[in-house]
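Hi there,

Here is the structure I promised to pass on to you. Have a look at it first, and then read my notes below.

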Amino acid sequence: MSALLQKYVAPDWTTCLNKVPSTYLKLALRPTPIHPWRLHGVPDGFSVSIKRDDLTGCTLSGNKVRKLEFLLAEAVQTGCNCVVTCGGLQSNFCRAAAVASRQIGLDSHLFLRCPGNLDPSKAQCNGNLLLDRLVGANVFLVPPLSYEGKTNELGYVAGLKDKMSTYADKLRSSGQKPYNMPVGGSNLTGMWGYIEAFRELLDQGVAEQYDDIVFATGSGGTASGLSIANYLTGSKLKIHAVAVCDNANYFYDHVGDTLEAIGMGDKVKSTDILDVVDGYKGQGYGLTTDKDLRQLIEIASSTGIVLDPTYTLKGVQGLLGELKKNPTRFKGKRILHIHTGGIFGLYDGRITEILKSTPVTNRITVFSEP
Ligand SMILES: Cc1ncc(COP(=O)(O)O)c(C=O)c1O
């Protein structure tokens, strides 16, 4: 397995960081393309292009693959033979982790939050979960716990992190070597996926051709990597992360903690290098209304770009909403939106009825000879 590892030569501008990976695994198809996007609702004077990180692969698609290049390299380098991670029932990260692990010969154990009945016989066979099952991941259905444990009036309540840790101990005692990855792969190792992605953006001329970069943020890893790299390179892009869960403080704290951990805490604050756009979670993480799904259809049917309901649709709602309400929030007029993937979340069945009742997606008739 270690034959898969490649030597990682980090960009010169990262030499000041105190933890630089020495290896990576080539998993993502990159560079991903950038092209103009004729998105409706963009005010006159602004232009929007799109970076297609939804095209980092097929079953391995989206932003998570870039993080896994460094996370799974660390797993292989440290002699692990399986991975343990967690997320929502339709987690893109867990799916990408399960597929990539299997490709490199590792088993995967996924703790998936499942609201309601924890009955495995009723578990879905669609979207990301279909792929988890196809690659033989060991799936554990768990209630919707937070990642970190917390103390309340009943005492300490274990979070998913604790459950994964106990489970990893059990695997170890049976002779396995597990590698635990946090929710969304957003730790100091996973962040390198988007430090490296920033080098790719520079090679593509983004610093000269654009003023602002906008994307959806869920666990903060993409935001950490891009904002820190933008700062380190002295590029003058403005980085905007649209929150699809939690709130702005949560993401500023996450990036702040990361700055601290990499030895930059005394040089710069997260609020200086990142703009977290709040107010676009809608009804909450993973929840969408019929109106949202109609907008997703409108964008797909007018531009050919297919968004996912949980992340990228909300990222675009944040972009369009702020361009309209608060255009001075952007540094300039040339915007690059990063499509972070998530396509399989669209296959969970919730869009079926809207498709049938929307004229443009219901152009299905039986052909009759003219
Ligand atoms: C499709 C998609 N886009 C964006 C994100 C957010 O990225 P991050 O977790 O790095 O904030 C995620 C995962 O959380 C995702 O699956």
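Let me start with a small puzzle: which residue stands opposite His339 in strand 14? The residue facing His339 is Arg52. Before we go further, please keep in mind that this is a predicted model.

**How the chain is divided**

The domain assignment splits the protein chain into domain 1 (2–63 + 189–357) and domain 2 (77–185). Taken over C-alpha atoms, the centres of domain 1 and domain 2 are separated by 24 Å. Where the domains meet, 20 residues of domain 1 are in contact with 16 residues of domain 2. On the side of domain 1 that touches domain 2, the classes are 7 nonpolar, 12 polar and 1 charged residues.

**The sheet with 6 strands**

Try tracing this one yourself. It is an open sheet of 6 strands in the order 3-4-14-11-12-13, and its pairing is mixed. Strand 3 (34–36) and strand 13 (275–277) stand at the edges; each has a single partner strand, so one side of each is left without a neighbour in the sheet. From one strand to the next, the twist averages 30°.

Strand 14 is a good place to pause. How many of its 6 residues are buried? The count is 5, so to speak of strand 14 as mostly covered is fair under the rule that a residue is buried if 20 or more other C-beta atoms lie within 10 Å of its own. Strand 14 pairs in the parallel sense with strand 4 (residues 47–52) over 6 bridges. Strand 14 (residues 334–339) also pairs with strand 11 (residues 212–217), again in the parallel sense, over 3 bridges. In that second pairing, Asp212 has Ile335 of strand 14 as its bridge partner.

Now look for helix 11 (residues 312–325). This helix lies across strand 11, strand 12 (238–243), strand 13 and strand 14, and runs at about 140° to strand 11.

**The sheet with 4 strands**

The other sheet I want to show you is open as well, with 4 strands in the order 7-6-5-10 and parallel pairing. Its edge strands are strand 7 (138–142) and strand 10 (178–180), each of which pairs on one side only. Here the twist averages 25° from one strand to the next.

Strand 5 (residues 82–88) and strand 10 run parallel and are joined by 3 bridges. To find the pairing on your screen, look for Val83, which stands opposite Tyr179 in strand 10. Helix 2 lies across strand 5 and strand 6 (107–113), and runs at about 170° to strand 6.

**Around the ligand**

How many residues surround the ligand? There are 21, and the closest are Asn92, Gly218, Tyr311, Thr340 and Gly342. Both domains take part: the shell draws at least three residues from each of domain 1 and domain 2. Helix 2 (92–103), strand 11 and helix 7 (221–233) each supply at least two residues of the shell. Helix 7 gives the most, with 3 residues. By class, the residues of the shell divide into 4 nonpolar, 15 polar and 2 charged.

**Three spots to click on**

Some background helps with two of these spots: most residues other than glycine have a negative phi, and most peptide bonds are trans.

- Arg30 and Pro31 are joined by a cis peptide bond, with omega at about 5°. Pro31 lies in the loop between strand 2 (23–24) and strand 3.
- Asp246 has a phi near 50°, a positive value in a residue other than glycine. Asp246 lies in the loop between strand 12 and helix 8 (248–261). Asp246 counts as partly exposed because it has 18 C-beta neighbours inside 10 Å, which falls between the cut-offs of 12 or fewer for exposed and 20 or more for buried.
- Ser302 lies in helix 10 (residues 290–303). Is Ser302 buried or exposed? Ser302 is exposed, because 12 other C-beta atoms lie within 10 Å, and 12 or fewer is the cut-off for that class. From C-alpha to C-alpha, Ser302 and Gln209 are 25 Å apart in space, and they are 93 residues apart in sequence.

Enjoy exploring, and write back with any questions!

Best wishes

Terms used: Residues numbered from 1 in each chain as written. Predicted model: local features only at pLDDT ≥ 70, side-chain atom pairs only at ≥ 80, totals over all residues. Pairing = 2+ DSSP bridges. Axes fitted to C-alpha atoms, helices over the stretch in contact; angles between N-to-C directions. Contact = placed C-beta atoms within 7 Å. Domains from an automatic or database assignment. Nonpolar A, V, L, I, M, F, W, Y, C, P; charged D, E, K, R; others polar. Near = placed C-beta within 6 Å.
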